[in-house]
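Please load the model in your viewer and keep a selection prompt open. The stops below go from the whole chain to one helix.

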Amino acid sequence: MRKLRTLDVWDTLLRRRCHPDNSKKASARILLLRLFDHLKPEFQDQNRIFRERCAIEGEEARRDGDGEYILSDVMTVLITRILNNASDINIPDVSDEITEYEIQFEINNTYPDPHIVDFIKKYPAEKTIFLSDFICRQQI
């Protein structure tokens, strides 16, 4: 028996029914529909919003040097960048709304790995630590 076992939560304990980018693309679509009349012309396109979001994720991940970012921070920067006039919209409220939408999208498209129990039994350990770098609602 091993003393310590670590298991990543995403793609080990939990699986997705869709590609990981689908949640980001769904959020981009909601932003497009929700804010269309307030968007800069170059962002009146779901794919352009998605690409900008990915660029922001990269910027945020490099900020602290750990490769991680907070989803709500990404949303706030994204919404600010894509708007014609940031004072027209309550950015924190929209950021919270889209962040919650995306988290719910992930929950709705996630299921437990059907083979994980057998896998865990096959490799017993005195202690198990579960790790994840997935969505946080706030920095820990």
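The tour starts with the overall chain and ends at helix 1.

**Whole chain.** Select the protein chain as a cartoon; the model is predicted. Its secondary structure comes to 5 helices and 4 strands, and from the N terminus the order reads β-β-α-α-α-α-β-α-β. The radius of gyration is 18 Å, well over the 14 Å given by the globule rule for 140 residues, so the chain is more spread out than a compact globule. Align the view to the principal axes: the C-alpha atoms fill a box of roughly 60 × 30 × 20 Å.

**Contacts and burial.** Next, turn on contacts between residues at least 6 apart in sequence; of these, 74% join residues at least 24 apart. Colouring by burial marks 35% of the 140 residues as buried.

**Surface and charge.** Switch to the accessible surface, about 8,800 Å² in total, with 50% belonging to carbon and sulfur atoms. Then select the charged side chains: 21 are positive and 25 negative, and the centres of the two sets lie 7 Å apart.

**Helix 1.** Select residues 21-35, which form helix 1. At 1.5 Å a residue, these 15 residues should span 21 Å, and the end C-alpha atoms are 21 Å apart, which agrees.

Which residues of helix 1 are buried? Show S23, K24, A26, S27, A28, L31, L32 and L35 as sticks. An α-helix has 3.6 residues a turn, so residues three or four places apart point the same way. To see what the buried residues of helix 1 pack against, add helix 2 (46-63), helix 3 (71-82) and helix 4 (91-108) to the selection.

Conventions: Residues are numbered from 1 along each chain as its sequence is written. This is a predicted model: local features need pLDDT of at least 70, side-chain atom pairs count only at pLDDT 80 or more; totals for chains, interfaces and linings use all residues. Side-chain values use heavy atoms; hydrogens and water are left out. Helices (H or I, at least four residues) and strands (E, at least two) are DSSP runs, numbered from the N terminus. The expected span of a helix is 1.5 Å times one less than its number of residues. Buried means under 20% relative accessible area, exposed over 50%, partly exposed in between (1.4 Å probe, protein chains only). Contact means heavy atoms within 4.5 Å. The radius of gyration is taken over C-alpha atoms; the globule rule is 2.2 Å times the number of residues to the power 0.38. Accessible areas come from the Shrake-Rupley method with a 1.4 Å probe; for residues, only the protein chains shown count as cover. Lys and Arg count as positive and Asp and Glu as negative; His and the chain ends are not counted. The place of a charge is taken as NZ of Lys, CZ of Arg, CG of Asp or CD of Glu.
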